[in-house]
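Colleague: I am new to this structure and should be grateful for a close look at a single part of it. Please choose one strand, describe its setting with care, and then place it within the wider model.

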Amino acid sequence: MTEINTERLTLRPLGTEYLESVHEYASDPENTKYMIHLPNESIEETRDFLLRAENEWMKEAPSFYEFAVIYKGRQIGAVSLSLEGRASGELGWILNKKYWGQKIAGEAASALMEYAVKELGIRHFTAHCDAENTASYRTMEKLGMTQTSIEGGRRNRASDEDRMECLYELYVDLPEKERHGMKIEMHVHTSEGSPCAETDAESIVRAYSEAGYDAVVITNHFDSVLLKDFGVTDDERIERYLLGYRKAKAVEEKYGIKVMLGVEIRLEPDDEDFLIYGIDEEFLFRHPNLCFMDQQTVYELCHSCGAVFYQAHPFREPCVPRDPEFLDGVEFNQRPRSGNHNDRLSRWVKAHPDLKFISGSDCHNLEQVGYGGIEVPRPVCNARELAELLKETQVKLILCEHTSL
């Protein structure tokens, strides 16, 4: 039987033998005030949950691990890990209120994390909580986790109202002999967001996962002609524009690959395309008319919120390189048979040593998966961290054989 021991605690597989002690806290409204699926309304409901946990433990490869927390011989709570694709898992815990304030939840979660890293190969942990659940998010912070988002849409069982939810994440720092960064595709389109793309969001995410990538940036086209067809109001157009990214984001855990938001924007009335990294959805709702701004304005706007601004495929006709003073870098586009003329770009960038480089596949269908991208020296959790990394260093480019720098 799997058993984990700490200085004060023992963690054992949770099951029906703990029915009475689990139901004591799982049915208590005060104990479960901030929980999505609790309080339980009957002891039968608690028993059903414990039976599911028992049955999962009987599987050769469980998809979730529910441990009883034993303290001084008594079961006082539970700690869990739900697997989310490759090498990723979501943590959860609950303690009988009689034992709050003794740092037991953190001790149990820390022990489970150590077990998950060593025995299950988990390298990325997530945890969610109600934004008002101070004790829970402080425990996450003490575990070394970082808040990566806070948004609405949470509905706790005890309250008939929408709540704000915090997401915390932690990437495990591996021993030197095991340490590696991330392989990231920087330029991907989905059929839901770019009409010229032939492949839907889920198929793209699955394909890049199978190709060994750790992350993809969804950079659907953002231009005035496309947006005009996406709705009547600005909010309608942005909502429709984000559909492809959101569908991709919804399956990132399923395929074990990080999905980030980016934009490929065309500034009217010119033909050149630019790539923006490090923004969030709210940025687009605040600036729906980006297409009608000039290069300097968009560059400065990106910098005001920590984002970066690159020119995509600068020598693909009819494009020409734009003012390097208002660029963070340029893309060595790797899409086959696209007339990227990267040889010309290689010569041009020598006159502009301050520019950074990225590579991207500019993928529109499954045949174009995996031709480009970047390799970064450390994990990044979100688009903002990616932008910060791009500012700090020149990343390693994934290039086709015909491209040289």
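Modeller: Two strands pair if DSSP finds at least two bridges between them; strands (E, at least two residues) and helices (H or I, at least four) are DSSP runs, numbered from the N terminus. The model is predicted: local features need pLDDT of at least 70 and side-chain atom pairs count only at pLDDT 80 or more, whereas totals for chains, interfaces and linings use all residues. Residues are numbered from 1 along each chain as its sequence is written, and side-chain values use heavy atoms, with hydrogens and water left out.

The strand I propose is β15, residues 329-333. Five of its five residues are buried, and the strand is thus described as mostly covered (buried: under 20% relative accessible area; exposed: over 50%; partly exposed: in between; 1.4 Å probe, protein chains only). From β15, V330 and F332 point one way, while G329, E331 and N333 point the other, and all are buried.

β15 has parallel partners. Strand β16, residues 356-360, pairs with β15 in the parallel sense over five bridges, and within β16 it is F357 that stands opposite V330. Strand β14, residues 308-311, is joined to β15 by two bridges, also in the parallel sense; here Q311 is the residue opposite V330. Helix α12, residues 342-349, belongs with β15 and β16 to a right-handed β-α-β unit: with the strands pointing away from the viewer, the path from the first strand over the helix to the second runs clockwise.

Residues of β14 and β16 lead on to L390. Its contacts (heavy atoms within 4.5 Å) include V308 and Y310, as well as K356 and I358, leaving out residues up to four places away in sequence. L390 is also among the residues that touch the most other members of the largest nonpolar core, which has 75 residues; I184, F222 and F309 are others of that group. A nonpolar core is a set of buried Ala, Val, Leu, Ile, Met, Phe, Trp, Tyr and Cys residues joined through side-chain atoms within 4.5 Å. A second, separate core has 35 residues, among them A109, M113, V117 and M140.

Helix α13, residues 383-392, contains R384. R384 counts as partly exposed because its relative accessibility is 41%. Beyond its neighbours within four places in sequence, R384 is in contact with G278, C305 and G306. Its C-alpha atom is separated by 29 Å from that of S80, 304 residues away along the chain.

Elsewhere, eight strands form an open sheet of mixed pairing, in the order β1-β2-β3-β4-β5-β6-β8-β7. Its edge strands, β1 (4-5) and β7 (146-154), each pair on one side only. In this sheet, β6 (residues 124-130) and β8 (residues 163-171) run antiparallel and are joined by seven bridges, with E169 of β8 as the bridge partner of T126. Helix α4, residues 134-142, lies across β5, β6 and β8. This helix holds T139, which counts as buried because its relative accessibility is 14%. A polar atom of the T139 side chain lies 2.9 Å from the backbone oxygen of A135. Residues up to four places away in sequence aside, T139 touches W93, A105 and G106.

Notes:
Axes fitted to C-alpha atoms, helices over the stretch in contact; angles between N-to-C directions. Polar contact = N/O pair within 3.5 Å; in protein donor to acceptor, adjacent residues only side chain to side chain.
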